[in-house]
Amino acid sequence: MSSQSPLLGETLVVDPRATVKLHKCRLLVTSGPDTGRSMASDKERLRCGAHPGNDLVLVEDRTASRHHFEVQYTERGYLLVDLNSTNGTFLDGRRIERAYLSPGSQIRAGSSVITFAPLDEEVAVEPDREGELCGMVGQSVKMRQVFGLIKRIAPMDVSVIIQGETGTGKELVSSAIHELSGRKKGPMVVLDCGAIPPNLIESELFGHEKGAFTGATSSRPGAFERAQGGTIFLDELGELRLDLQPKLLRVLENREVRRVGGNDVIEVDCRVIAATHRDLVKEIAAGNFREDLYFRLSVIHIQLPPLRQRRDDIPLILKQALAEPEVVDKHGRKRFSAEALGLLMAYAWPGNVRELMNVLSHVLTFSDEGEEILPSHLPPRVRGQAREGPLPFNEHLAFKDAKEQLLENFEREYVTSVLTRCEGNLSRAARESGLHRKSIERLVKKYQLDAKGLKPR
């Protein structure tokens with residue numbers, strides 16, 4: 001079902017009766033040397049002019065500029081923007097720089113008159129019949145609904161926001177959208193906005209020139225440039241600093257970046273998919289996130305269900321993971337006993353699928369003997385035996401010092417435990433912990449850990 005927020009536009013709530021509103025329009029040349037030429041598209045912006053790279057090309061009109069005008073879809077409707085054309089852009093007889101279009105509006109560019117027609121439609125998104133998509137599995141209605149939505153919107157070259165709790169598989173969904181899109185042959189660049197130090201995030205997004213800041217010994221393209229022709233996935237967008245959000249909005253609206261310390265404007269062409277575990281509607285109300293940036297990104301909004309709301313998918317997820325060739329080669333054929341599976345089905349999974357995969361990794365590490373995985377092989381918390389106890393802090397220290405010491409102890413023990421389970425593999429530890437590899441490397445260096453020497457006991 002599609003629910004309309006008075007503030008923020010369309011949000012798709014995944015249920016069996018889900019619908020999604022598709023924004024589409026047609027431009028038809030009704031007068032001039034290119035009469036009869038037309039195009040219809042669901043792209044967020046359409047360009048018209050004499051250059052072959054435009055969406056609507058005025059081939060015969062010698063008075064049209066190379067890039068004459070653009071039609072953009074915005075939160076207020078379709079916006080007509082003149083692109084500094086030589087002879088100007090006229091809307092219903094009046095010259096404009098920017099103006100909103102109405103159904104049947106007449107646009108004059110050069111000697112051509114183009115009629116605008118919106119073709120917006122609301123379509124039902126049926127649950128997909130298959131219980132698997134691009135490596136994801138799920139027979140629950142909620143996941144099959146997500147699969148159906150991904151297939152429907154992947155070919156559309158529009159921005160997407162994926163919202164869901166930590167560990168629900170937002171990056172897998174973004175990869176599926178990329179793989180099923182017309183940009184699949186292009187790169188997919190992933191940028192975790194929450195894992196990059198605040199002083200480096202602007203450089204990571206937009207790139208930098210040599211000497212732009214201390215340590216910038218050479219020029220480097222940012223994520224948007226590296227994603228040229230493909231997809232950029234902005235993970236944990238809700239963590240992006242408020243002062244950087246207008247800069248990101250400008251990149252999305254103008255399709256161009258300027259590197260840190262640079263003057264040149266670089267055109268970029270990539271699809272933007274963003275993900276967050278935060279409720280951005282609440283973040284907007286609290287003043288932590290810009291409403292215009294949210295609207296610009298959430299042309300399509302996918303809400304992923306937590307694992308506790310689709311427990312019936314747990315056996316399927318585990319079966320798929322245990323059948324992976326590398327798992328079979330290393331650990332042999334494994335299966336969960338009915339009792340162990342019952343405990344897994346009853347657990348709340350606050351870390352969702354990521355936590356389930358981490359538990360499976362733990363189980364495979366400590367259940368080498370026999371084919372059957374028993375309750376005794378599961379971590380205590382899954383068996384309901386997690387011990388409650390006081391936090392090991394030193395009350396004789398000042399609050400700030402005690403808190404810092406407690407945090408350091410946690411960081412050291414957590415990273416040591418994850419690396420031990422992952423046999424010292426930093427990339428795997430980063431995936432299982434949800435941290436950026438650079439963050440894992442920083443913690444290893446901070447606590448002088450011997451990553452290669454950490455092996456399961």
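Author: A residue counts as buried when its relative accessible area is under 20%, as exposed when that area is over 50%, and as partly exposed in between (1.4 Å probe, protein chains only). The model is predicted: local features need pLDDT of at least 70 and side-chain atom pairs count only at pLDDT 80 or more, while totals for chains, interfaces and linings use all residues. Residues are numbered from 1 along each chain as its sequence is written, and side-chain values use heavy atoms, with hydrogens and water left out.

Reader: What percentage of the residues of the protein count as buried?

Author: The C-alpha trace spans about 80 × 55 × 40 Å along its principal axes. Of the 457 residues of the protein, the share that counts as buried is 48%.

Reader: How many helices and strands are there in the protein?

Author: Helices (H or I, at least four residues) and strands (E, at least two) are DSSP runs, numbered from the N terminus. By this criterion the protein has 14 helices and 28 strands.

Reader: Which are the edge strands of the open sheet of 6 strands?

Author: Two strands pair if DSSP finds at least two bridges between them. The open sheet has the order β5-β4-β14-β13-β10-β11, with antiparallel pairing. Pairing on one side only marks the edge strands, β5 (38-41) and β11 (94-96).

Reader: Which side chains of β5 point to one face and are buried?

Author: In a regular strand the side chains alternate between the two faces of the sheet. Along β5, Ser38 and Ala40 point to one face and are not buried, while the side chains that point to the other face and are buried are Met39 and Ser41.

Reader: Which residue stands opposite serine 41?

Author: Strand β4 (residues 25-31) pairs with β5 in the antiparallel sense over 4 bridges. In their hairpin, which has 6 residues between the strands, glycine 32 takes a positive phi near 115°. Opposite serine 41 in β5 stands cysteine 25.

Reader: Why does the salt bridge of aspartate 55 and lysine 43 tie together parts of the chain, and how many residues apart are they?

Author: A salt bridge is a side-chain nitrogen of Lys or Arg within 4 Å of a carboxyl oxygen of Asp or Glu. Aspartate 55 and lysine 43 form one, with the closest N and O atoms 2.8 Å apart. Aspartate 55 lies in the loop between β6 (45-49) and β7 (56-57) and lysine 43 in the loop between β5 and β6, so the parts that the pair ties together are apart in sequence by 12 residues.

Reader: With which residue does glutamate 44 form a salt bridge?

Author: The closest N and O atoms of this salt bridge are 2.3 Å apart. Glutamate 44 is in the loop between β5 and β6, and the partner, 252 residues apart, is in helix α7 (residues 291-297). Both residues are buried. The partner of glutamate 44 is arginine 296.

Reader: How far away from arginine 144 is the nearest side chain of opposite charge?

Author: Lys and Arg count as positive and Asp and Glu as negative, while His and the chain ends are not counted. Arginine 144, in helix α1 (residues 141-153), is buried yet has no salt bridge. Contact means heavy atoms within 4.5 Å. The nearest side chain of opposite charge is that of aspartate 128, at 7.4 Å.
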